[in-house]
Amino acid sequence: MNVIWKTITGAAFVLSSTVAPQAKEFRLGLITPPPHIWTKAAEAFGADLAKASDGAHSITVFPARQLGNEAEMLQQLQTGALDMAFMTVAEVSNRAPDFGALYAPYLAEDIAHAGRILRSETATSILAQLPTKTGVVGTGYGMAGLRQIVTRGEVNSVDDLAGLKLRITPFEPILDFYNAIGAAPTPMPLPSVYDALANGQVDAIDMDAELIWVLKYYEHADTVVQSNHMMFPMVGLVSARVWAGLSEADRALIGDLMARHVDSTIDTYVEKEQLWLDEIKATGRTYKTVDAAFFGEAVESWNAVWSERSQMLGPLRAAAADTARD
């Protein structure tokens, strides 16, 4: 596993190797609910850190947006008011556009391929941008499942998505994708999605299989479209201000353990993704499996826009080709 934090130097901020080690209770924020895989990984990270430091360090995990949304938590990380976060790459990409290239439609062939791409040197090299561009240190990637579409109505072609109020995570790569197909992308926080779909506030949602199944979004769906159109990376973050105040030994301990636990989410999704999809299919909702051709010119339209915004789109497509299975 590649961990880019080991190569971060004073170009971003000065790291003193003479900082005296001291016990600390760290605070780690997430937007995901307590049962979510990311939250469980954060709690396991905290338990392992306490054990490895002989109780000198502890982590209190704040799930379900208790410390604010991701934009607010990123601001807290920048000031040092928050120590750590497991955060969608979506929020980071709003400040460091090269991360947006990770959302290229059909970059990954399947969930296992998505994991291999995120573990590639090309993907991990982008983490080196974080200290200077966002004031945080990235220890490594995790992910959620590939993105699917759940709708209240019938879907037979991409034209049936045109004009629909479709819930998205609020960031440019996914906004550009749904604008390209003529939908009306509607940013909405996760806790509001179930009721919004139930009462018709939105007509459709962009979501991964885990949450479609676990949070029962299918209950208010007529059609589930298994499109696998984007992967959804997560990144483990430490405030650069907090990081600079750690001893060299603590940076190594925390960096290694956090990287290991965010990376573990990749294996979990690879193992469970198909099980969730099978459970959703078994609910009896209309279930359609589509590929890139379903979206017509939208994929190339997205590529045209993002090839101008990010220099990493080409290298990531090369990494995807290198990590594809024959």
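**Core, pockets and loops of the predicted model**

Outside its neighbours within four places in sequence, Phe-99 is in contact with Val-89, Val-92, Ser-93, Ile-126, Leu-127, Leu-130 and Tyr-141. These contacts, like all values below, come from a predicted model. Phe-99 is also one of the residues with the most contacts inside the largest nonpolar core, together with Phe-86 and Tyr-141. That core has 108 residues. Helix 11, which covers residues 248-281, gives the most to this core, with nine residues.

The secondary structure of the protein comes to 13 helices and 11 strands. The radius of gyration is 20 Å, close to the 20 Å that the globule rule gives for 326 residues, so the protein is as compact as a globular protein of that length. Along the principal axes, the C-alpha trace spans about 65 × 35 × 35 Å. Of the 326 residues, 55% count as buried. Among the contacts with a separation of 6 or more, 78% are made by residues 24 or more positions apart.

Helix 7 (residues 172-180) was examined for its packing. The buried residues of this helix are Pro-173, Ile-174, Asp-176, Phe-177 and Tyr-178. They pack against two helices and four strands along the chain: helix 3 (89-93), strand 5 (147-151), strand 6 (165-168), strand 7 (184-187), strand 8 (204-208) and helix 12 (298-309). Just after helix 7, Gly-182 takes a positive phi of about 85°.

The largest pocket has a volume of about 400 Å³. Its lining consists of 25 residues, and those nearest the centre of the pocket are Ile-31, Glu-70, Thr-88, Arg-167 and Thr-169. At least two lining residues are supplied by each of helix 2 (70-79), helix 3 and strand 8. Helix 3 and strand 8 are also among the elements against which the buried residues of helix 7 pack. By class, the lining of the largest pocket divides into 14 nonpolar, five polar and six charged residues.

The second largest pocket has a volume of about 170 Å³. It is lined by Pro-35, Ile-37, Lys-40, Ala-41, Glu-210, Val-214, Ser-264, Thr-265, Thr-268, Lys-272 and Trp-276. Helix 1 (37-52), helix 9 (209-214) and helix 11 each supply at least two residues of this lining. The greatest share is that of helix 11, with five residues. Helix 11 thus appears in two settings, since it also gives the most to the largest nonpolar core. The lining of the second largest pocket holds five nonpolar, three polar and three charged residues.

Two cavities of 30 Å³ or more are present in the structure. The second largest cavity has a volume of about 40 Å³. Its lining is formed by Ala-104, Pro-105, Tyr-106, Leu-107, Ala-108, Leu-146, Asn-228, His-229, Met-230 and Met-231. Of these lining residues, eight are nonpolar and two are polar, and none is charged.

Two residues of this cavity lining, Tyr-106 and Asn-228, have further features of the backbone. Tyr-106 has a positive phi of about 60° although it is not a glycine. Its place is in the loop between helix 3 and helix 4 (111-118). With a relative accessibility of 22%, Tyr-106 counts as partly exposed. Asn-228, likewise not a glycine, has a positive phi of about 50°. Asn-228 is found in the loop between strand 9 and strand 10 (232-239). At 18% relative accessibility, Asn-228 counts as buried, because the cut-off for a buried residue is under 20% relative accessible area.

The loop between helix 9 and strand 9 (223-226) contains Asp-222. This residue is partly exposed, with a relative accessible area of 41%. Not counting residues up to four places away in sequence, Asp-222 touches Thr-151, Arg-152, Gly-153, Arg-285 and Thr-286. Asp-203 lies 19 residues from Asp-222 along the chain, and the C-alpha atoms of the two are separated by 10 Å.

Technical notes
Residues are numbered from 1 along each chain as its sequence is written. This is a predicted model: local features need pLDDT of at least 70, side-chain atom pairs count only at pLDDT 80 or more; totals for chains, interfaces and linings use all residues. Side-chain values use heavy atoms; hydrogens and water are left out. A nonpolar core is a set of buried Ala, Val, Leu, Ile, Met, Phe, Trp, Tyr and Cys residues joined through side-chain atoms within 4.5 Å. Buried means under 20% relative accessible area, exposed over 50%, partly exposed in between (1.4 Å probe, protein chains only). Contact means heavy atoms within 4.5 Å. On a 1 Å grid over the protein atoms alone, a cavity is a set of points where a 1.4 Å probe fits but cannot get out, and a pocket is an open set with protein on both sides within 12 Å along at least five of seven lines; lining residues have an atom within 4 Å of a point. Grid points are joined across faces, edges and corners, and a volume is the space filled by probe spheres set on the points. Ala, Val, Leu, Ile, Met, Phe, Trp, Tyr, Cys and Pro count as nonpolar, Asp, Glu, Lys and Arg as charged, and the others, Gly among them, as polar. The radius of gyration is taken over C-alpha atoms; the globule rule is 2.2 Å times the number of residues to the power 0.38.
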